[in-house]
Amino acid sequence: MRKVAFLDRDGVINHDPGDYTCSLQEFTILPGVIETLKKWTSEGYGIVVITNQGGIAKGRYSLEDFLEIDRYMRSAFIDAGIDYIETYFCPHHEVSSRCLCRKPGSAMIEKAVARHAVDIEASFMVGDKMRDLQAAAAVGIRGLKIDVNQDLRSLRLPFLKA
Ligand SMILES: [Mg+2]
Ligand SMILES: [Zn+2]
């Protein structure tokens with residue numbers, strides 16, 4: 001069993017300008033993210049990203065655009081020594097199809113929990129929208145709501161030792 005810090009992407013990891021992040025050029029990791037994820041890594045947490053990417057279904061950007069951003073993010077995390085595990089994304093949107101993965105649906109988190117033997121009680125989810133927390137709550141994982149683009153260094157996690 002392993003402890004996991006689940007993170008939404010847009011507005012939590014990277015700056016959310018209030019519209020989709022369509023390309024790597026528009027992807028900027030927020031101040032404090034790398035430092036915070038390194039700290040959580042040192043506390044024994046693996047990092048899993050759980051992100052709705054409905055812009056793919058809407059044709060705002062392609063799957064490859066998303067994957068390019070994801071490769072960049074993953075490299076940035078791994079280069080910093082962060083225990084990054086995996087990204088789960090939902091490419092769907094209600095405009096074209098219904099799915100179970102789009103948050104507040106919990107299918108992405110359920111998949112991660114099963115695949116990585118996640119310790120539900122010891123894990124948490126950070127998101128800037130209620131639907132992030134709803135997805136986590138459906139699986140029994142505690143959620144921490146932040147403001148969009150909030151500096152993660154300002155978070156106080158009572159269940160963390162440090
Ligand atoms: Mg978000
Ligand atoms: Zn989906």
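## A guided tour from the overall fold to the core

The protein in your viewer holds five helices and five strands, and you should keep in mind throughout that the model is predicted. If you colour the protein by element and follow the chain from its N terminus, the order you meet is β-α-β-α-α-β-α-β-α-β.

**The whole chain.** Before selecting anything, turn the protein around and look at its extent, for the C-alpha trace spans about 45 × 30 × 25 Å along its principal axes. The radius of gyration is 15 Å, which agrees with the value near 15 Å that a compact globule of 162 residues would have. Of these 162 residues, 35% count as buried. Among contacts with a separation of 6 or more, 68% are between residues 24 or more positions apart.

**Strand S1.** Select residues 4-7, which form strand S1, and look at the strand from each side in turn. Val4 and Phe6 are buried on one side, while Ala5 and Leu7 are buried on the other, so that both faces of S1 are covered. Now add strand S2, residues 46-52, which pairs with S1 in the parallel sense over four bridges; within this pairing, Ala5 has Ile47 of S2 as its bridge partner. If you trace the chain from S1 through H1 to S2, you follow a β-α-β crossover that is right-handed. Next, add strand S4, residues 124-127, which runs parallel to S1 and is joined to it by three bridges, with Met125 of S4 as the bridge partner of Phe6.

**Helix H1.** Select residues 33-42, the helix H1, and show the side chains of Val33, Thr36, Leu37 and Trp40, which are buried. These residues lie on the same side of H1, because they cover an arc of only 95° around the axis. To see what they pack against, add strand S1, strand S2 and helix H3 (63-79). Following H1 you come to Gly44, whose phi is positive, near 100°.

**Helix H4.** Move on to residues 107-116, the helix H4, where Met108, Ile109, Ala112 and Val113 are the buried residues. They too lie on one side of their helix, since the arc they cover around the axis of H4 is only 135°. On the face turned away from that buried side, you will find the exposed residues Ala114 and Arg115. The buried residues of H4 pack against S1 and S2, and also against strand S3 (84-90) and helix H5 (130-137). Just after H4, stop at Ala117, which takes a positive phi of about 50°.

**The nonpolar core.** In soluble globular proteins, nonpolar side chains tend to be buried together. Which residues have the most contacts inside the largest nonpolar core here? Select Ala5, Phe6, Leu7, Ile47, Val48 and Ile109, which have the most contacts within this core of 36 residues. The elements that give two or more residues to the core are S1, H1, S2, H3, S3, H4, S4 and H5.

**A last stop at Ala5.** Finally, centre the view on Ala5, whose place in S1 is buried, and ask which residues it touches once those up to four places away in sequence are not counted. With that exclusion, Ala5 touches Trp40, Tyr45, Ile47, Phe124 and Val126. Two of these names have appeared already on the tour: Trp40 as a buried residue of H1, and Ile47 as the bridge partner of Ala5 in S2.

Definitions and conventions: Residues numbered from 1 in each chain as written. Chains lettered and ligands numbered in written order. Predicted model: local features only at pLDDT ≥ 70, side-chain atom pairs only at ≥ 80, totals over all residues. Rg over C-alpha atoms; globule rule 2.2 N^0.38 Å. Buried ≥ 20, exposed ≤ 12 C-beta atoms within 10 Å, placed from the backbone. Contact = placed C-beta atoms within 7 Å. Arc of directions from axis to C-beta. Pairing = 2+ DSSP bridges. Right-handed = clockwise from strand over helix to strand, strands pointing away. Core = buried A, V, L, I, M, F, W, Y, C linked by C-beta atoms within 7 Å.
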